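Colleague: I would like a close look at one loop residue and at what surrounds it in the rest of the chain. Please give the cut-offs as you go.

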Amino acid sequence: MAATPYAELHMHIEGALGPELIFALAERNRMHLPYSGLADLEARYEFADLQSFLDLYFANMAVLRTAEDFADLTRDYLQRAAAAGVRHAEIFFDPQAHISRGVPLQVVLDGIFDALAASEREFGVSSGLIAAFLRDEPVHDAEEVLAELLRLRAPIIGVGLDSAEVGYPPTLFEDVFARARAEGLHVVAHAGEEGPPEYIWQALDLLGAERIDHGVRCLEDPALVQRLVDEEIPLTVCPLSNVCLRVVDSLEDHPLRTMLQAGLRVTVNSDDPAYFGGDIGANFAQLRDRLGLTEDEENLLARNSIEASFASPGRKAELLRS
Ligand code: HPA
Ligand SMILES: [Zn+2]
């Protein structure tokens, strides 16, 4: 991990829900889990693609029921992230995944915010929350969630787009994202993880995405790379996630260095730290070991992460100075 402070810009708080916390929350909520024990659950962390991961990710969320559950989960992430050198975190959550299980949006927000409100004081980590729409659910649901977030005056800094990508192009969400932008929210979108470069073009042109989450498939389209370089669009790349979900064959084959050398504004992120072999520290450790990531490259990635964040200019300056 770089000695310089780091901003994590692509992590799903539900993806920080690990096996031990799953069992602890199931017990607290008196729920029966469909696993015989910890080892049985842990044996299922083997994924063939994005969808096979999403199946387990959504199933495990069943244990998140109360505001306290969401607060505990968020604190657990913040504590680990701080220990790994993260000083600013922009955190996704999936409102629809909880509303559809009967957990009120206000409960989810209260829990996550209970932890985030104290984060800078408690962990030295400033933060922002981004509501992500599930792109494989009806567009109308995303519209309703956005309206509800606005009605509740949810303290979110932006909206994103996640879940199963192929077959669910950004075009579908043009109007929802236009509304979010009109409300002054930041806009990001997962694109070019499993989906084609065309989805990245759409995220930029139709959604007004300020950052692209993943974006690794941009390399298949030189004109797109040029556009991303020219407009200095940050890409929140998640190396261990890409290996676990078979977006790349191995870390040795990861195009991170190619992306840096192309002049792309790349950052490194954990995506779902409880599912993909670890937090941001683990991502950097493996990149060092298996890709020969240099100190200069680490420092560049750290600086990129802070510059690409939605932190206030004052906070950015403070992080870049320290
Ligand atoms: O990597 C991801 N891609 C899409 N949706 C997700 N939801 C959690 N992680 C991911
Ligand atoms: Zn993601």
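Is Arg153 buried or exposed, and how many other C-beta atoms lie within 10 Å of it?

Modeller: Arg153 is exposed, because just 8 other C-beta atoms lie within 10 Å. The label "buried" needs 20 or more other C-beta atoms within 10 Å of the residue's own, "exposed" means 12 or fewer, and "partly exposed" lies in between, with C-beta atoms placed from the backbone. This is a predicted model, in which local features need pLDDT of at least 70 and side-chain atom pairs count only at pLDDT 80 or more, while totals for chains, interfaces and linings use all residues. Residues are numbered from 1 along each chain as its sequence is written, and chains are lettered from A and ligands numbered from 1 in the order in which they are written.

Arg153 is located in the loop that joins helix 8 to strand 4 (158–162). Helices (H or I, at least four residues) and strands (E, at least two) are DSSP runs numbered from the N terminus. The backbone of Arg153 has a phi near 50°, which is positive although the residue is not glycine. Most residues other than glycine have a negative phi. Glu232 also has a positive phi, near 50°, and is likewise not a glycine. Glu232 sits in the loop between helix 11 (222–230) and strand 7 (234–237), and Glu232 is exposed because it has 12 C-beta neighbours inside 10 Å.

Helix 8, on one side of the Arg153 loop, covers residues 139–151, and its axis comes within 9 Å of that of helix 9 (residues 174–182), crossing at roughly 15°. Helix 8 is therefore roughly parallel to helix 9. Axes are lines fitted to C-alpha atoms, over the stretch in contact for helices, and angles run from 0 to 180 degrees between N-to-C directions; under 35 degrees is roughly parallel, over 145 roughly antiparallel, 65 to 115 roughly perpendicular, and the rest oblique. Helix 8 contributes Val139, Ala142, Glu143 and Leu146 to the contact, and helix 9 contributes Val176, Arg179 and Ala180. Contact requires C-beta atoms, placed from the backbone, within 7 Å. By class, the contact has 5 nonpolar, no polar and 2 charged residues (nonpolar: Ala, Val, Leu, Ile, Met, Phe, Trp, Tyr, Cys and Pro; charged: Asp, Glu, Lys and Arg; polar: the others, Gly among them).

Two further helix pairs can be set beside this one. The axes of helix 15 (residues 295–307) and helix 16 (residues 313–321) come within 9 Å and cross at roughly 165°, so the two helices are roughly antiparallel. Arg303, Ile306 and Glu307 of helix 15 meet Lys316, Leu319 and Leu320 of helix 16, giving 3 nonpolar, no polar and 3 charged residues. Helix 4 (residues 67–83) and helix 6 (residues 105–117) pack at about 35° with their axes 7 Å apart. Ala67, Phe70 and Leu78 are among the helix 4 residues in that contact, and Val108, Ile112 and Leu116 are among those of helix 6. The classes there are 9 nonpolar, 2 polar and 5 charged.

Ile112 also appears in the largest nonpolar core, which has 95 residues; Phe93, Ile112, Ile130, Phe133 and Ala203 touch the most other members. Such a core is a set of buried Ala, Val, Leu, Ile, Met, Phe, Trp, Tyr and Cys residues joined through C-beta atoms within 7 Å. Beyond four places in sequence, Phe93 touches Ile13, Glu14, Val108, Ile112, Leu129, Ala131 and Ala132.

For contrast with Arg153, consider the loop between strand 8 (265–268) and helix 14 (280–291), where Asn269 is found. Asn269 is buried because 28 other C-beta atoms lie within 10 Å. Neighbours within four places aside, Asn269 contacts Glu8, Leu9, His10, Met11, Thr236, Val237, Cys238 and Ile280. Its C-alpha atom is 9.2 Å from that of Phe284, 15 residues away along the chain. Gly277 lies in the loop between strand 8 and helix 14 too, but is partly exposed because it has 18 C-beta neighbours inside 10 Å. With neighbours within four places left aside, Gly277 contacts Leu240, Cys244 and Ala282. Gly277 and Val243 are 34 residues apart in sequence and 9.9 Å apart, C-alpha to C-alpha.

Finally, Glu120 belongs to helix 7 (residues 119–123) and is partly exposed because 15 other C-beta atoms lie within 10 Å. Outside four places in sequence, Glu120 touches Val125 and Ser126.

Terms used:
Contact = placed C-beta atoms within 7 Å.
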